[in-house]
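User: I am new to protein structures and would like a close look at one part of this one. Please take me through the interior, where side chains meet.

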Amino acid sequence: MFFKEFDIRWSDLDANRHLANSAYINFMSHTRMVYLGQLGFNQKSMAQHSIGPVVFYEHMYYFKEVFPGKPVKVSLDFKGMSEDGMFFEFQHDFYDSEGKNFARCEMMGAWMDLKERKLIALPQVFLDAFNKMEKAVDFKFLTKADTRKHVQIPKNLS
């Protein structure tokens with residue numbers, strides 16, 4: 001499991017003076033990009049292949065408040081991927097300085113061709129990198145049906 005440590009900054013707090021929702025999202029995406037960067041996924045390599053990640057959902061579960069003053073750790077657990085690499089799923093857990101788990105997030109996403117603006121399978125070089133990642137104990141190969149488990153339909157105003 002990969003971990004990234006963060007100091008809670010003034011700008012990470014909400015009106016209740018604890019870690020704000022937006023900070024959780026920022027800490028998770030930064031953790032993912034640092035880890036993916038170590039695998040060779042970075043702005044330059046993604047631009048060369050004209051691909052980018054798309055988040056389908058991030059489901060947060062809050063167990064306890066956390067306040068500034070001590071660093072927090074965010075984990076990244078590789079929970080699933082489709083065989084062609086198009087879809088991926090990660091779990092992030094948040095830990096205080098004593099190692100107590102104060103929040104969790106399940107997230108799913110996919111890769112998009114930035115020119116065509118449609119979902120695509122990963123190029124082989126990236127697929128090879130993903131296949132080297134440490135996998136969660138409950139890792140599974142994802143199908144399109146897995147991406148629909150929380151189906152939501154847009155409802156326009158007019």
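Analyst:
**A close look at the interior**

D12 sits in the loop between strand 1 and helix 1. The model is a predicted one. D12 is a good place to start. Its relative accessible area is 3%, so D12 is buried. Setting aside residues up to four places away in sequence, D12 touches D7, H18, L19, A20, A23 and F27.

F27 leads to a ring pair. The ring centres of F6 and F27 are 4.3 Å apart, and their planes meet at 10 degrees, so the pair is stacked. Planes under 30 degrees apart count as stacked. F6 belongs to strand 1 and F27 to helix 1, so this pair ties together parts 21 residues apart in sequence. Both F6 and F27 are buried. F6 has another partner: K4 lies over the face of its ring, 5.7 Å from the ring centre.

Strand 1 and helix 1 are linked by another pair, F2 with Y35. These two residues are 33 apart along the chain. Their rings are tilted, with 4.9 Å centre to centre and 50 degrees between the planes. F2 has 15% relative accessibility, so it counts as buried. Y35 is buried too, because its relative accessible area is 13%. The cut-off for buried is under 20%.

Now step back to the core. In soluble globular proteins, nonpolar side chains tend to be buried together. Here the largest nonpolar core has 37 residues. F94, W111 and F130 have the most contacts inside it. Several elements each supply at least two residues, among them strand 1 (2–6), strand 5 (101–113) and helix 3 (124–132). Helix 1 gives the most, with six residues.

Take F130. Not counting residues up to four places away in sequence, F130 touches L36, F41, F78, M81, F90, W111, L122 and K135. Some of these names return in a cluster of linked ring pairs: F41, F78, F88, F90, W111, F126, F130, F139 and F141. The count of aromatic pairs comes to 19. K135 also meets a ring of that cluster: its charged end sits over the ring of F139, 5.4 Å from the centre.

There is a second, separate core of six residues, including Y57, F87, M108 and A110. Y57 is in strand 2. Its relative accessibility is 12%, so Y57 counts as buried. Leaving aside neighbours within four places in sequence, Y57 is in contact with E89, E106, M107, M108, K149 and H150. Y57 and C105 are 48 residues apart along the chain, yet their C-alpha atoms are separated by 9.8 Å.

Last, the whole chain. It has three helices and seven strands. Along the sequence they follow the pattern β-α-α-β-β-β-β-β-α-β. Buried residues make up 44% of the 158 residues. Of the contacts between residues at least 6 apart in sequence, 71% join residues at least 24 apart. A compact globule with 158 residues would have a radius of gyration near 15 Å, and the chain's 17 Å agrees with that. The C-alpha atoms fill a box of roughly 45 × 45 × 30 Å, taken along the principal axes. The chain exposes about 9500 Å², and carbon and sulfur atoms supply 52% of that area.

Terms used. Residues numbered from 1 in each chain as written. Predicted model: local features only at pLDDT ≥ 70, side-chain atom pairs only at ≥ 80, totals over all residues. Heavy atoms only, no water. Core = buried A, V, L, I, M, F, W, Y, C linked by side-chain atoms within 4.5 Å. Buried < 20%, exposed > 50% of the residue type's maximum accessible area, 1.4 Å probe, protein only. Helix = DSSP H or I, 4+ residues; strand = E, 2+ residues; numbered from the N terminus. Contact = heavy atoms within 4.5 Å. Phe/Tyr/Trp six-rings, centres within 6.5 Å; stacked < 30°, edge-to-face > 60°. Lys NZ or Arg CZ within 6 Å of the ring centre and 35° of its normal. Rg over C-alpha atoms; globule rule 2.2 N^0.38 Å. Areas by Shrake-Rupley, 256 points an atom, 1.4 Å probe, with all protein chains shown as cover.
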